[in-house]
Every structure is written in structure tokens, then in C-alpha cells.
Amino acid sequence: FDYVLARQMMRAALDDDSTFAMAAYYDALLTDSPLSSAPSDRALRLAQQASERERLVITVDLLSYMLGEPRALPMAETLATRYPDDARALAAVARARQFDGDWEGAARALERAIVIDSAALGPTAPCYLCRDLAALADVYFWADSLQSALGAARRYAALRPEWTPAWELVTWAAARLSDTVVARDALRNSTLHSAGPRNP
């Protein structure tokens, strides 16, 4: 969660190679400012010279997430068709579908990413599965499917019971459902682990 350092590292990478599309993409995500689209514009420009997968992921993500462009959805469908077993591609597809209000389509893409990331889960690997489950809970929140959101949050907490963000999701979902017993227990776990590692 050291976004400042991460942004500095991405910009250092761009200083070394001004054509590094993925560094520009992460810099755009980390900058996340409504005041200027310059970082996103640069990443989208550099993406045109990247590999097909990187071009599609960067373009779909930034057009949907940062710029709210409807053009992201047909590109997301291309991404899903060309890379059906690529979990990161599916996560980008899910974001585009979510921003288009296609909750069911977003959930389907994330469930597929979850299956793929479950097979690759390891103690030292980045927990993409955790991000998938958090994103799935978010989709269900937006869809007003609170029981499903709680289910996804609980799957996340079962996977990483020592991580505060997982318990925060359970707390929020249970509270929205007026399940005070579950919410109180999750809040206690969240507080218990708040001094530990905070991971996405």
C-alpha cells in the first residue's frame, strides 16, 4: 500500500524507457486524478505499440476505469475471446462489464479468473485471487446482491484470515444485511489484524 513509492518506481522505469507501456499504465492507475487525463492518455498512446494482450488490457482498463468510455466494452469482449484462460485479462473484462452495469457478466468473468488464480496460488506469489474475490464482492455490492457480496467477502477472509481488508469487506456486507452478529465478529477480526500486513 505504498502508492507513493510504487508511483516513483513506475516513473523511474519510464525515465529509463519512455516507451514502456505497462509502466505508463500502472502510473496512470496510481495517479488516479480527475484533474488531468495526461497519464492515461500517455499509457493509451504507448499501448498502441505494445503486444496485443498488453494493448487490450491497458486500453480496456483505462477506457472503462479511468475515462468511463463505452468503447471499452467491445474491446473487452475481444480480450475475453482471445485470452479466455488469462486471469488478468478476465479481470479487465470484468471491470469493463461492471462499469457498463453488466453485473452478471462481470461476476462470470471474475469467477473464471478465480478458478485460474486458485490453481496458481502460492505463499510467495501476489494474491491475485484475493483481488478477484474483493472485486467480486464489489460487483455484488453494486448489483444490490448483498448476500452474494457477503459470500465473496467470506471466501476472501477464509483465504487470508490475517488480512484486515478481507474482514473489512465482511463487516461492510454483514452490516448492510443488518446481520449484527457477523458484522461484530468481522469487525473484531479486522481490529485484531489491523497492525498486521495490509494487502489488496
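This is a short walk through one predicted model, from the overall fold down to a few side chains.

Okay, so let's start with the whole chain. What do we have in terms of helices and strands? There are 11 helices in the chain and zero strands. Read from the N terminus, the elements go α-α-α-α-α-α-α-α-α-α-α. The radius of gyration is 18 Å, and the globule rule gives 16 Å for 200 residues; those values are close, so the chain is as compact as a globular protein of that length. If you lay a box along the principal axes, the C-alpha atoms fill roughly 50 × 35 × 35 Å.

A few more totals while we're zoomed out. Of the 200 residues, 40% are buried. The accessible surface of the chain is about 10,600 Å², and carbon and sulfur atoms own 56% of that. And if you take the contacts with a separation of 6 or more, 49% of them are between residues 24 or more positions apart.

Right, let's zoom in on D27. It's in helix α2, which covers residues 21–31. Is D27 buried or exposed? Its relative accessible area is 0%, and the cut-off for buried is under 20%, so D27 counts as buried. So what does this aspartate have for company? Its side chain makes a polar contact with the side chain of R42, at 2.6 Å. Setting aside neighbours within four places in sequence, D27 is in contact with R7, M10, R11, L14, P39 and R42. So R42 turns up in both: in the contact list and as the polar partner.

Staying in that stretch of sequence, let's talk rings. How many aromatic pairs does a search of the whole structure find? Two. One of them is Y25 with Y26: the ring centres are 4.9 Å apart and the planes sit at 55 degrees, so this pair is tilted. Now look at the accessibility of the two tyrosines. Y25 is buried, at 4% relative accessibility, whereas Y26 is partly exposed, at 37%.

The other pair is W103 with W142, and that one is stacked, with 6.4 Å from centre to centre and 20 degrees between the planes. Where do these two tryptophans sit along the chain? W103 is in helix α7, residues 103–119, and W142 is in helix α8, residues 128–142, so the pair links distant parts of the chain, 39 residues apart. As for cover, W103 is partly exposed with a relative accessible area of 28%, while W142, at 55%, counts as exposed.

While we're on tryptophans, there's also W163. What sits over its ring? The charged end of R160 does, 5.2 Å from the ring centre.

Last stop is another arginine, R55. You'll find R55 in helix α4, residues 52–66. R55 is partly exposed, with a relative accessible area of 24%. Not counting residues up to four places away in sequence, R55 touches A47, Q48, A50 and M75. If you want a distance to check on screen, take R55 and L79: they are 24 residues apart along the chain, and their C-alpha atoms are separated by 9.8 Å.

So, to recap: a predicted model with 11 helices and zero strands, a buried D27 in polar contact with R42, and two aromatic pairs. That's me done, thanks.

Terms used
Residues are numbered from 1 along each chain as its sequence is written. This is a predicted model: local features need pLDDT of at least 70, side-chain atom pairs count only at pLDDT 80 or more; totals for chains, interfaces and linings use all residues. Side-chain values use heavy atoms; hydrogens and water are left out. Helices (H or I, at least four residues) and strands (E, at least two) are DSSP runs, numbered from the N terminus. Buried means under 20% relative accessible area, exposed over 50%, partly exposed in between (1.4 Å probe, protein chains only). A polar contact is a pair of N or O atoms within 3.5 Å; within protein, one must be able to donate a hydrogen and the other to accept it, and residues adjacent in sequence count only if both atoms are side-chain atoms. Contact means heavy atoms within 4.5 Å. Rings of Phe, Tyr and Trp (its six-membered ring) pair if their centres lie within 6.5 Å; planes under 30 degrees apart count as stacked, over 60 as edge-to-face and the rest as tilted. A charge sits over a ring if NZ of Lys or CZ of Arg is within 6 Å of the ring centre and within 35 degrees of the ring normal. The radius of gyration is taken over C-alpha atoms; the globule rule is 2.2 Å times the number of residues to the power 0.38. Accessible areas come from the Shrake-Rupley method with a 1.4 Å probe; for residues, only the protein chains shown count as cover.
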